[in-house]
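Trainee: I'm new to this one and a bit lost. Could you pick a single loop, look at it closely, and then show me how to move on from there?

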Amino acid sequence: MAASLIDGKAFAERVRAKVADHVTRLREEHGLVPGLAVVLVGEDPASQVYVRSKGKQTVEAGMASFEHKLAADTSEAELLDLIAKLNADTKVHGILVQLPLPSHLNSDLVINSIDPAKDVDGFHISNVGLLGTGQKSMVPCTPLGCLMMLRDYHGSLSGMNAVVVGRSNIVGKPMAQLLLGESCTVTIAHSRTRDLPEVCRRADILVAAVGRPQMIPGDWVKPGATVIDVGINRIEGEGGKTRLVGDVDFDSCAAVAGAITPVPGGVGPMTIACLLANTVTACCRANGLAEPEGLTA
Ligand code: NDP
């Protein structure tokens, strides 16, 4: 392997330590405890695991965690009523509604009912607009984590060619906006992109957010490029056991790239760390206090 490994697990630990430091300062100097409310509707097993993990890490960072578990047949009116209460609750600085929601609920309507200042996922239409126009916003956690690692590795990203494969609202599009904000020349590729291998080969920074196991091979990667693998795919491994792989073929890409994030242990751990960071940022903004440095875009 020629590439340097970008260790997201270690980086996430540093972010969490910074968050915990800031939480201590907020408590000691201002009597404030940042609070994160997580709302889970239904019993999707993967969502239950994520919500547990978010709650645990929130408490470990010294913050208050409020979990709201609602039945799968909760009505839209009931969910909107809960969000209105959380919007008004001064102990709650961040609100996250775990997606996907059951199909009878309108996700856009629900997300857009969250107070944008408490929208720590950064999915509210106001935050999307603020990010798109280069204004201060709440930034979606996964792309924020990718940006932090890229800045840490490269310093300035100005002038670099960045290719983002995937155009989802939660990863691809905000990632592209953030890279544009860093003065990269950005290409967004998707399932209809012509000659994807050639597009990828132009990238100094290649971000894969596709959801297809090991889709990008090493010969799509420019020698020396930085590869950020957002994908989390479970595939069958040896002896019938499952294992996690990313959207890039790690071994062949690592042989060509200059730096690469592994799966697991790359982007994944950064996502929850950035959720905690966003909650602290939201708490500081709500109270007119200086935001912690290095924890926002
Ligand atoms: P989506 O399914 O919402 O979007 C996938 C994108 O990939 C779409 O824009 C789609 O194009 C594009 N795509 C699909 N197939 C191809 C192809 N053959 N060639 C080029 N582009 C293609 O996924 P998400 O953005 O939600 O997630 C992407 C990956 O990131 C998943 O593996 C997911 O598990 C992972 N993820 C990881 C997180 C983390 O914490 N590390 C957080 C969130 C997601 P089109 O729009 O044309 O259909």
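Mentor: Sure. A quick word on names: helices and strands here are DSSP runs, of at least four residues for a helix and at least two for a strand, numbered from the N terminus. Also keep in mind that this is a predicted model.

Let's start at His124, which sits in the loop between helix 4 (107-111) and helix 5 (125-132). Its relative accessible area is 6%, and the cut-off for buried is under 20%, so His124 counts as buried. Leaving out residues up to four places away in sequence, His124 touches Ile111, Asn112, Ile114, Pro116 and Asp119. Two of these neighbours offer a backbone oxygen to look at. That of Asn112 is 3.1 Å from a polar atom of the His124 side chain, and for Ile114 the distance is 3.5 Å.

Now step to the other side of helix 4. The loop between strand 4 (94-97) and helix 4 holds Pro100, and the peptide bond leading from Leu99 into Pro100 is cis, with omega near 0°. Leu99 and Pro100 both touch Ser47, as do Leu40 and Gln98, again not counting residues up to four places away in sequence. Ser47 belongs to helix 2 (residues 45-60) and is buried too, at a relative accessible area of 3%.

There's another cis bond to find, joining Val263 and Pro264, with omega about 0°. Pro264 lies in the loop between strand 11 (259-260) and helix 10, so to speak your doorway to that helix. Follow helix 10 (residues 267-286) and you'll see helix 6 (residues 141-154) packed against it, the axes 8 Å apart and at an angle of about 105°. That angle falls in the 65 to 115 degree range, so the two helices are roughly perpendicular. Where they meet, helix 6 brings residues including Leu144, Gly145 and Met148, while helix 10 brings, among others, Met270, Cys274 and Leu275. By class, this contact has nine nonpolar residues, four polar ones and no charged ones.

Both helices also feed the largest nonpolar core, which has 54 residues, with Val15, Val19 and Leu179 having the most contacts inside it. Helix 6 and helix 10 are among the elements that each supply at least two residues, along with helix 1 (8-30) and helix 7 (172-181). The largest share, 11 residues, comes from helix 10.

Technical notes: Residues numbered from 1 in each chain as written. Predicted model: local features only at pLDDT ≥ 70, side-chain atom pairs only at ≥ 80, totals over all residues. Heavy atoms only, no water. Axes fitted to C-alpha atoms, helices over the stretch in contact; angles between N-to-C directions. Parallel < 35°, antiparallel > 145°, perpendicular 65-115°, else oblique. Contact = heavy atoms within 4.5 Å. Nonpolar A, V, L, I, M, F, W, Y, C, P; charged D, E, K, R; others polar. Buried < 20%, exposed > 50% of the residue type's maximum accessible area, 1.4 Å probe, protein only. Polar contact = N/O pair within 3.5 Å; in protein donor to acceptor, adjacent residues only side chain to side chain. Core = buried A, V, L, I, M, F, W, Y, C linked by side-chain atoms within 4.5 Å.
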